[in-house]
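Trainee: I have a new structure to read. Please show me how to go through it, feature by feature.

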Amino acid sequence: MSIFIAKKIKENNADQILETVKETLSAQGTVSNAWINSERISGEHYGTRTIYNGGANITSDQGETKSIDFIADADTGELFKLEVVD
């Protein structure tokens, strides 16, 4: 039972971080196709224990769509990397 609860908390954390990222990106335009890999991976390269990676599309008011990739701290949600993908 405790393993299920711990897994659910981690999944909710990923969902919460995705919602925060979408809210942040919405200042740049309409956010669509947002996703997050809810499996925690090593964040040693970023000076933290674990990270999540994800992405989204942003369409500006002028109709230009950009694909964005991000990396966020799995515990705090802090964005370490936000990059436009060609």
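We go from the overall fold to single residues.

Mentor: One caution to begin with: this is a predicted model. Keep that in mind throughout.

Trainee: How many helices and strands does the protein have?

Mentor: Start any reading with the secondary structure. Here there is one helix, together with five strands. Then read their order along the sequence. The pattern is α-β-β-β-β-β.

Trainee: Which way do strand 3 and strand 4 run, parallel or antiparallel?

Mentor: Look at the direction of each strand, then at the bridges between them. Strand 3 covers residues 50–59 and strand 4 covers residues 65–73. They run antiparallel, joined by nine bridges. For a landmark, find Ile58: Lys66 in strand 4 stands opposite.

Trainee: What lies between the two strands?

Mentor: Five residues, and the two strands form a hairpin. Check the backbone angles in the turn too. Gly63 there has a positive phi of about 90 degrees.

Trainee: How many bridges pair strand 4 with strand 5?

Mentor: Six bridges, again in the antiparallel sense. Strand 5 spans residues 79–85. Use Ile71 as a marker, with Lys81 of strand 5 opposite. This hairpin has five residues between its strands, and Gly77 takes a positive phi near 85 degrees.

Trainee: Which residue has a positive phi although it is not a glycine?

Mentor: Asn33, with a phi of about 50 degrees. Locate the residue next. Asn33 sits in strand 1, residues 30–36. Then check its surroundings. Asn33 counts as exposed because its relative accessibility is 58%, and the cut-off for exposed is over 50%.

Trainee: Now charges. How many salt bridges does the count come to?

Mentor: Four. For each pair, read the distance, then the places of the partners. Take Glu19 and Lys22: their closest N and O atoms are 3.1 Å apart. Both belong to helix 1, residues 2–25.

Trainee: Why are Glu19 and Lys22 separated by about one helical turn?

Mentor: Because they are three residues apart in that helix. Now check accessibility. Glu19 is partly exposed at 45%. Lys22 is partly exposed as well, at 28%.

Trainee: How far apart are the closest N and O atoms of Arg40 and Asp75?

Mentor: In this salt bridge they are 2.9 Å apart. The pair links distant parts of the chain, with their positions 35 residues apart in sequence. Arg40 is in the loop between strand 1 and strand 2, whereas Asp75 is in the loop between strand 4 and strand 5. Arg40 is partly exposed at 24%, and Asp75 is partly exposed at 40%.

Trainee: What about Glu83 and Lys81?

Mentor: They form a salt bridge too, with closest N and O atoms 3.9 Å apart. Always ask whether salt bridges share partners. Here such sharing joins Arg40, Arg49 and Asp75 into one network.

Trainee: Is Asn13 buried or exposed?

Mentor: Buried, with a relative accessible area of 16%. Asn13 lies in helix 1. For a buried polar side chain, look for its polar partners. A polar atom of the Asn13 side chain lies 2.3 Å from the backbone oxygen of Ala74. Beyond neighbours within four places in sequence, Asn13 is in contact with Arg40, Tyr52, Ala74 and Asp75. You have met Arg40 and Asp75 already, as a salt-bridge pair.

Trainee: How many residues does the largest nonpolar core have?

Mentor: First, the general idea. In soluble globular proteins, nonpolar side chains tend to be buried together. Here the largest nonpolar core has 13 residues. Ile17, Val21, Leu25, Ile36, Tyr52 and Phe70 have the most contacts inside it. Helix 1, strand 3 and strand 4 each supply at least two residues of this core. The largest share, five residues, comes from helix 1.

Trainee: Which residues does Leu25 touch?

Mentor: Leave out residues up to four places away in sequence. Then Leu25 touches Val31, Ala56, Ile58 and Leu82.

Trainee: What share of the protein's residues is buried?

Mentor: Finish with the totals. Buried residues make up 30% of the 86 residues. The protein exposes about 5,900 Å², and carbon and sulfur atoms supply 48% of that area. Among contacts between residues at least 6 apart in sequence, 34% join residues at least 24 apart.

Notes: Residues numbered from 1 in each chain as written. Predicted model: local features only at pLDDT ≥ 70, side-chain atom pairs only at ≥ 80, totals over all residues. Heavy atoms only, no water. Helix = DSSP H or I, 4+ residues; strand = E, 2+ residues; numbered from the N terminus. Buried < 20%, exposed > 50% of the residue type's maximum accessible area, 1.4 Å probe, protein only. Pairing = 2+ DSSP bridges. Polar contact = N/O pair within 3.5 Å; in protein donor to acceptor, adjacent residues only side chain to side chain. Contact = heavy atoms within 4.5 Å. Core = buried A, V, L, I, M, F, W, Y, C linked by side-chain atoms within 4.5 Å. Areas by Shrake-Rupley, 256 points an atom, 1.4 Å probe, with all protein chains shown as cover.
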